[in-house]
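Open the model in your viewer and keep the selection tool at hand. Each stop below says what to pick and what is there.

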Amino acid sequence: MYRFKHHRPTTIDEAQSIFAACDDPSYLSGGMTLIPTMKQRLASPTDLIDLSQVEGLTGITFHSGLVRIGAFTRHAVVANSAEVAKAIPALAYLAAQIGDNQVRNRGTLGGSVANSDPAADYPAAVVGLGATIVTSQRQIAGDTFFQDLFETALEPGELITAIEFPIPEKAVYRKFPNPASRYAVAGVMVARFPRGVRVGVTGAGPCAFRATALENALNQSFNPDALNAVEIPDAGFNSDLHASAEYRAHLVKVLAKRAVQALC
Ligand SMILES: Cc1cc2nc3c(=O)[nH]c(=O)nc-3n(C[C@H](O)[C@H](O)[C@H](O)COP(=O)(O)OP(=O)(O)OC[C@H]3O[C@@H](n4cnc5c(N)ncnc54)[C@H](O)[C@@H]3O)c2cc1C
């Protein structure tokens, strides 16, 4: 590791002021991605702004058909929340599938979503449930938040404070995990709302996206066979040592069918 300054603000304003005053700062949440990245010299921030003591970034609340989860809430808290399991069982299940106990006890919702790792699980829920990203400055629709590989709509210094997930009639998340890391080779969230069906996909492309062809088919007829004729083009999909683009496209359809089967 190299030398850097560690700051421990207690308010959102203080965190943002420190960020604005530093050369090359980075917020530090669970550190599950940032610290290994620094160790490998893939990032070398001059200042780490630790969010662990910042007021108002934790907690799970329920209001107006939404589950609001603070950005610093760790994956294990979501996975073990009886209230989340009751309101959106698929979200608690998704959190329980992330990595291992150590990762779930350190990693946070805000860190995962801000990072926009193409294989992370939460982005499928953000897109699939039509969540809203609440930041220090504004509210961002989940549909427009993830922009590319490790790129989001966040401006420099903008801090995610919470994420609001609409409560669906029902939803299911299915993923094909990498056997070592448990990251999603592909993952699909299918959610039914009174307004229609939403399908969020992670792992397959550079960032999470809505599978509108699958949504259209399911809005016509909500059963797994309705997806038989849907083509999932693999253009632009990730291709690496874990899976080819073609295989990921195949997985998206298989996982979507399994999710719909479970919902039926
Ligand atoms: C071995 C291993 C296995 C894993 N397996 C999985 C898996 O199966 N599925 C999965 O989804 N994930 C997996 N992860 C990732 C993990 O779940 C964390 O969610 C992820 O590392 C980022 O969260 P964090 O809280 O650790 O963020 P950090 O590492 O602290 O930060 C990540 C990035 O987000 C920024 N950031 C953090 N919080 C905020 C905020 N509130 N506002 C704005 N920017 C912010 C930081 O500046 C940094 O750039 C795995 C990680 C490891 C190490």
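**Helix 5 and its cover**

Select helix 5, residues 89–96, in this predicted model. Its buried residues are Ala90, Leu91, Ala92, Leu94 and Ala95. Now show what covers them. Among the helices, pick helix 3 (75–79), helix 4 (82–87) and helix 8 (122–128). Then add strand 10 (160–166), strand 11 (170–177) and strand 12 (184–193), which are also part of the cover.

**Ala125 and the core**

Go to Ala125. Leave aside its neighbours within four places in sequence. Ala125 is then in contact with Leu91 and Leu94. Its other contacts of this kind are Ala131, Phe165, Tyr173, Met189 and Gly200.

Which residues have the most contacts inside the largest nonpolar core? They are Ala125, Ile163, Val188, Val190 and Val252. The core itself has 79 residues. Helix 11 (residues 245–263) provides the largest share, eight residues. Domain 1 (1–49) and domain 2 (170–263) both contribute residues, so this core lies between them. In soluble globular proteins, nonpolar side chains tend to be buried together.

**The two domains**

Colour residues 1–49 as domain 1 and 170–263 as domain 2. Place a centroid on the C-alpha atoms of each. The two centres are 34 Å apart.

**The ligand shell**

Now centre on the ligand. The shell around it holds 31 residues. Gly30, Met32, Gly99, Gly107 and Gly111 come nearest. By class, the shell has 15 nonpolar, 14 polar and two charged residues.

Which element gives the most to this shell? Helix 7 does, with five residues. Select helix 7 as 109–115 and strand 2 as 25–28; each supplies at least two residues of the shell. Domain 1 (1–49) and domain 2 (170–263) both give residues to the shell, so the ligand shell lies between them.

**The four-stranded sheet**

Next, show strands 11, 12, 13 and 14. They form an open sheet in the order 11-12-13-14, with antiparallel pairing. Strand 11 and strand 14 (209–210) are at the edges. Each has a single partner strand, so one side of each has no neighbour in the sheet. Strands of a sheet pair through backbone hydrogen bonds, either parallel or antiparallel.

Zoom in on strand 11 and strand 12. Eight bridges join this antiparallel pair. Pick Lys170 and look across: Arg192 in strand 12 stands opposite.

Then step into the loop between strand 11 and strand 12, where Arg182 sits. Its phi is positive, about 75°, although Arg182 is not a glycine. Most residues other than glycine have a negative phi, and most peptide bonds are trans. Arg182 has 16 C-beta neighbours inside 10 Å, so it counts as partly exposed.

**Another positive phi**

Move to Arg41, in the loop between helix 2 (34–39) and strand 3 (47–50). Phi of Arg41 is also positive, near 65°. Is Arg41 buried or exposed? Arg41 is exposed, because 9 other C-beta atoms lie within 10 Å and the cut-off for exposed is 12 or fewer.

**The hairpin of strands 4 and 5**

Select strand 4 (residues 60–63) and strand 5 (residues 66–70). They run antiparallel and are joined by four bridges. Thr61 stands opposite Arg68 in strand 5. The hairpin has two residues between the strands. Click Ser64 in this hairpin: its phi is positive, near 45°.

**Thr135 and Ala141**

Find Thr135 in strand 6 (residues 132–135). Thr135 is buried, because 22 other C-beta atoms lie within 10 Å and the cut-off for buried is 20 or more. Leave aside its neighbours within four places in sequence. Thr135 is then in contact with Ile140, Leu154, Glu158, Leu159, Ile160 and Thr161. Draw a C-alpha to C-alpha distance from Thr135 to Arg210. It reads 22 Å, for two residues 75 apart in sequence.

Last stop: Ala141, in strand 7 (residues 139–141). Ala141 has 13 C-beta neighbours inside 10 Å, so it counts as partly exposed. Draw one more distance, to the C-alpha atom of Pro156. The C-alpha atoms of Ala141 and Pro156 are separated by 18 Å, with the residues 15 apart along the chain.

Technical notes: Residues numbered from 1 in each chain as written. Predicted model: local features only at pLDDT ≥ 70, side-chain atom pairs only at ≥ 80, totals over all residues. Near = placed C-beta within 6 Å. Nonpolar A, V, L, I, M, F, W, Y, C, P; charged D, E, K, R; others polar. Domains from an automatic or database assignment. Core = buried A, V, L, I, M, F, W, Y, C linked by C-beta atoms within 7 Å. Contact = placed C-beta atoms within 7 Å. Pairing = 2+ DSSP bridges.
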